[in-house]
Amino acid sequence: MGVSNLDFSPSGELLVSIGMDKMSSIAVYEWRKRRAIFTSLCHSRLVLDCRFLGSDDYFGICGDHFVHFWKRRNEDDAYRRQRGLFGRTIAKQTMTCIAYMNGCVFTGASTGELCV
C-alpha cells in the first residue's frame, strides 16, 4: 500500500491523500496535529489526481472515466461526494488532472481536451 496523490488546502491546515489500495481510500488530515478528520473509500477505478478547490471545505478527484467532488458544509461536518457530470458535449472519458482558479474547476482529459 502507498499514497498516490497529496494536496494541501488553501489555508495550509489540511492535507488530502489518495491511497493506492483497491478502493483508492481518501483521507483528509489536520497534518500539524497528525490526525485524520475524514476517511472514505473512494472508487475501484484508478484515481489520477486530487486537489482542494479554492476552499478547505471542497476538493475534487478524477481518474478513469470519472470526476467526483467532495464538499462539507462546515468544519464539523463530513465531506459528501457528488459525481461530476460530463454532459452532452463531451464523451465520458479518463480525466487525468484537476485544477482550480478564480471560481472555476478545470479537468484535463486523456484525449487532450480541457473541460471547465
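Select R72 and D57 to begin: in this predicted model, the two form a salt bridge, with their closest N and O atoms 2.6 Å apart. Now show the chain between them. R72 sits in the loop between β7 and β8 (80–83), D57 sits in the loop between β5 and β6, and the pair links distant parts of the chain, 15 residues apart. Is R72 buried or exposed? Turn on the surface to see: R72 has a relative accessible area of 7%, so it counts as buried. D57 has 22%, which makes it partly exposed, because buried means under 20%.

**Next stop: the hairpin**

Stay with D57 and colour the two strands on either side of its loop. A hairpin joins β5 to β6 through two residues. The two strands pair in the antiparallel sense, over six bridges. To look at one of these pairings, pick D49 and find its bridge partner in β6, which is C62.

**Along to D49 and its partners**

Keep D49 selected and add R51. These residues form a salt bridge too, the closest N and O atoms being 3.4 Å apart. How do they compare on the surface? D49 is buried, because its relative accessibility is 6%, while R51, at 29%, is partly exposed. Add D7 to the selection as well: D7, D49 and R51 are linked in a network of salt bridges.

How many salt bridges does a search of the whole structure find? The search finds seven. For one with an exposed member, jump to E30 and K33, whose side chains meet at 3.8 Å, N to O. K33 counts as exposed because its relative accessibility is 59%.

**Into the core**

Now hide the surface and select I26, V28, F59, I61 and Y79. The largest nonpolar core has 15 residues, and these five touch the most other members. To see where the core comes from, colour β2 (14–19), β3 (26–30), β5 (47–55), β6 (58–63) and β7 (66–71): each supplies at least two residues of this core. Apart from this core lies another one, of ten residues; select V67, M95, I98 and V105, which are among them.

Go back to Y79 and show its neighbours. Leaving out residues up to four places away in sequence, Y79 touches L14, V28, F38, F52, D56, D57, Y58, F59, W70, K71 and R72. Both residues from the start of the tour, D57 and R72, are in that list.

**A three-stranded sheet**

Move on to β9, β10 and β11. Which order do these strands take in their open sheet? The order is β9-β10-β11, and the pairing is antiparallel. The edge strands are β9 (95–101) and β11 (114–115), each pairing on one side only. Look next at β10 (residues 104–109), which two bridges join to β11. For a close look at this pairing, select G108 and its bridge partner in β11, L114.

**Last stop: a patch on the surface**

Finally, bring the surface back and select F8, Y29 and W31. They form a nonpolar patch there, with about 290 Å² of accessible area together. F8 lies in strand β1 (residues 3–8). With a relative accessibility of 46%, F8 counts as partly exposed.

Notes:
Residues are numbered from 1 along each chain as its sequence is written. This is a predicted model: local features need pLDDT of at least 70, side-chain atom pairs count only at pLDDT 80 or more; totals for chains, interfaces and linings use all residues. Side-chain values use heavy atoms; hydrogens and water are left out. Patches are made of residues with over 30% relative accessible area and no salt bridge: like charges are joined within 9 Å, nonpolar side chains (Val, Leu, Ile, Met, Phe, Trp, Tyr) within 5 Å. Accessible areas come from the Shrake-Rupley method with a 1.4 Å probe; for residues, only the protein chains shown count as cover. A salt bridge is a side-chain nitrogen of Lys or Arg within 4 Å of a carboxyl oxygen of Asp or Glu. Helices (H or I, at least four residues) and strands (E, at least two) are DSSP runs, numbered from the N terminus. Buried means under 20% relative accessible area, exposed over 50%, partly exposed in between (1.4 Å probe, protein chains only). A nonpolar core is a set of buried Ala, Val, Leu, Ile, Met, Phe, Trp, Tyr and Cys residues joined through side-chain atoms within 4.5 Å. Contact means heavy atoms within 4.5 Å. Two strands pair if DSSP finds at least two bridges between them.
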